[in-house]
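Please open the model in your viewer and keep the selection panel at hand. The tour proceeds from a single residue pair to the sheet, the chain as a whole, and two individual side chains.

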Amino acid sequence: MTIYGYMRISTQKEAQKFDRQEAQLRDQVDVLINERVSGSKRNRPELDRMLELLEPGDVVLILSIDRLSRSTKDLLDIVEVIRSKGASLRSLQDSWLDTTSDNPMSDFLLTVMGALA
């Protein structure tokens, strides 16, 4: 089982940094992946690379749902890929987001909170 940490910031400018995300994820993951691209864009090479590497039992750990995606459809598509690989998704700040079990309430909240993020 590998725990992947995924960090995303939305700008190429140096003013925005990974520091806050990295500080919270670093000690909890085996592999830390970062990406500088808008969450509203689906073309995210590092995210796609991580999704390709996933194996059954792996975990994708994010700081918050908005770091994974800014689009509800995109978010649900990413979660479906993670699940299809036999892996799961967890969020540090969104404690309700944990796909390690089949919980209909978690699926419902994922859709609603994804729309709000």
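**The sheet, starting from one pair**

Select Gly5 first: its bridge partner in strand 3 is Leu61. This is a predicted model, in which local features need pLDDT of at least 70, side-chain atom pairs count only at pLDDT 80 or more, and totals for chains, interfaces and linings use all residues. Residues are numbered from 1 along each chain as its sequence is written, and side-chain values use heavy atoms, with hydrogens and water left out.

Extend the selection to residues 3-9 and residues 59-62, which are strand 1 and strand 3; they run parallel and are joined by four bridges. Helices (H or I, at least four residues) and strands (E, at least two) are DSSP runs numbered from the N terminus, and two strands pair if DSSP finds at least two bridges between them. Strands of a sheet pair through backbone hydrogen bonds, either parallel or antiparallel.

Next, display the whole sheet. It is open, with four strands in the order 2-1-3-4 and parallel pairing. Strand 2 (31-36) and strand 4 (88-91) are the edge strands, each pairing on one side only. From one strand to the next, the twist averages 25°.

**A helix across the sheet**

Now select residues 45-53. This is helix 2, which lies across strand 1, strand 2 and strand 3 and runs at about 150° to strand 2. Axes are lines fitted to C-alpha atoms, for helices over the stretch in contact (heavy atoms within 4.5 Å); angles run from 0 to 180 degrees between N-to-C directions.

**The whole chain**

Zoom out to the protein chain, which has five helices and four strands. From the N terminus on, the order of elements is β-α-β-α-β-α-α-β-α. Of the 117 residues, 40% are buried (under 20% relative accessible area, with a 1.4 Å probe and protein chains only).

**Two buried residues**

Select Ser64, in the loop between strand 3 and helix 3 (65-68). Is Ser64 buried or exposed? Ser64 counts as buried because its relative accessibility is 6%. Its side chain makes a polar contact (a donor and an acceptor, N or O atoms, within 3.5 Å) with the side chain of Asp66, at 2.4 Å. Beyond its neighbours within four places in sequence, Ser64 is in contact with Ser91, Gln93 and Asp94.

Finish at Arg67, which is found in helix 3. Arg67 has 8% relative accessibility and therefore counts as buried. Not counting residues up to four places away in sequence, Arg67 touches Tyr6, Arg8, Ile9 and Gln21.

Definitions and conventions:
Buried means under 20% relative accessible area, exposed over 50%, partly exposed in between (1.4 Å probe, protein chains only).
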